[in-house]
Amino acid sequence: MSLLTDEIRALIGTEVAPFEFEVSRNDIRKYAVATGQRQQRYLDGDEAPLMFLFSAMMPVIPLSELLPDGRQPDSPLIPELPLKRIMAGGSEYQVHGRILPGQVLVCRQKLADLYEKQGGSGPLIFMVFENRFETRDGEPVVTELLTRIAR
């Protein structure tokens, strides 16, 4: 018997509203120092390392809105599932261009796929999210496929 009902599967393709953010030289420099980057182009803020985009996706929210364990609430793209424990499953990246100071990037997020597998200790549900970062003109910069696993 499948844990993924037709109602849950119908959520594949759901998107959240895109958001824009400006890449600033100062933010790149702060990120580079905070993450121990060694390449001068990052330390000078001339280009952002790939994982800089992860910080762009983290909203700044009041402490009162954090969950009891101190993390931010989950993405609204995560459907209500019969399995409640969610863990990271990995990311794959396609890099189409450099992340440069002064760029205004648009992030588009969608639930790209849902599928099941049987694990060693029971069923697993895999959720694949597509995070696309592009310029305002629609030129792709980075595409991430992020997998999360419910168990």
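Q: How much surface does the protein expose, and what share of it comes from carbon and sulfur atoms?
A: The protein exposes about 9,400 Å², with 52% supplied by carbon and sulfur atoms. Accessible areas here are Shrake-Rupley values with a 1.4 Å probe, and for residues only the protein chains shown count as cover.

Q: Where do these coordinates come from?
A: This is a predicted model, in which local features need pLDDT of at least 70, side-chain atom pairs count only at pLDDT 80 or more, and totals for chains, interfaces and linings use all residues. Residues are numbered from 1 along each chain as its sequence is written, and side-chain values use heavy atoms, with hydrogens and water left out.

Q: What are the spans along the principal axes?
A: The C-alpha trace spans about 55 × 35 × 30 Å.

Q: What fraction is buried?
A: Of the 151 residues, 32% count as buried. The cut-offs: buried is under 20% relative accessible area, exposed is over 50%, and partly exposed is in between (1.4 Å probe, protein chains only).

Q: And charges? How many of each sign?
A: There are 17 positive and 21 negative side chains. The centres of the two sets lie 6 Å apart. Lys and Arg count as positive, Asp and Glu as negative; His and the chain ends are not counted. Each charge is placed at NZ of Lys, CZ of Arg, CG of Asp or CD of Glu.

Q: Switching to secondary structure. How many helices and strands?
A: The protein has 4 helices and 5 strands. Along the sequence the pattern is α-β-α-α-α-β-β-β-β. These are DSSP runs numbered from the N terminus: helices are H or I with at least four residues, strands are E with at least two.

Q: What order do the strands take in the sheet?
A: The order is β1-β3-β4-β5-β2, in an open sheet of 5 strands with antiparallel pairing. The edges are β1 (19–22) and β2 (86–95), each pairing on one side only. From one strand to the next, the twist averages 25°. Two strands pair if DSSP finds at least two bridges between them. Axes are lines fitted to C-alpha atoms, for helices over the stretch in contact, and angles run from 0 to 180 degrees between N-to-C directions.

Q: How many bridges hold β1 to β3?
A: β1 joins β3 (residues 104–119) through 4 bridges, running antiparallel. In that pairing, Phe19 stands opposite Cys107.

Q: And the other edge, β2 to β5?
A: There, 9 bridges join β2 to β5 (residues 140–150), again antiparallel. Gly90 stands opposite Thr147 in β5.

Q: How many between β4 and β5?
A: β4 (residues 122–135) and β5 share 10 bridges and run antiparallel. Arg132 faces Thr143 in β5.

Q: What about the turn in that hairpin? Which residue has a positive phi?
A: Gly138, with phi near 90°. The hairpin has 4 residues between β4 and β5.

Q: Take Thr135, in β4. Buried or exposed?
A: Thr135 counts as buried because its relative accessibility is 19%. Beyond neighbours within four places in sequence, Thr135 contacts Val104, Leu105, Val106 and Val141. Contact means heavy atoms within 4.5 Å.

Q: Which class does Glu144 fall in?
A: Glu144, in β5, is at 8% relative accessibility, so Glu144 counts as buried.

Q: Which residues does Glu144 contact?
A: Leaving out neighbours within four places in sequence, Met57, Ser91, Glu92, Tyr93, Phe129, Glu130 and Asn131. The C-alpha atoms of Glu144 and Tyr93 are separated by 4.6 Å, though 51 residues apart along the chain.

Q: Arg148 is in β5 too. Why is Arg148 classed as partly exposed?
A: Because Arg148 has 21% relative accessibility. Outside neighbours within four places in sequence, the contacts of Arg148 include Asp74, Ile78, Ile86 and Phe126. Arg148 and Phe126 are 22 residues apart along the chain, with C-alpha atoms separated by 5.9 Å.

Q: One from β3: what does Ala112 touch?
A: Ala112 touches Ile12, Val128, Phe129 and Glu130, not counting residues up to four places away in sequence. With a relative accessible area of 28%, Ala112 is partly exposed. Ala112 and Thr147 are 9.8 Å apart, C-alpha to C-alpha, and 35 residues apart in sequence.

Q: Last one. What share of contacts joins residues at least 24 apart?
A: 67%, among contacts between residues at least 6 apart in sequence.
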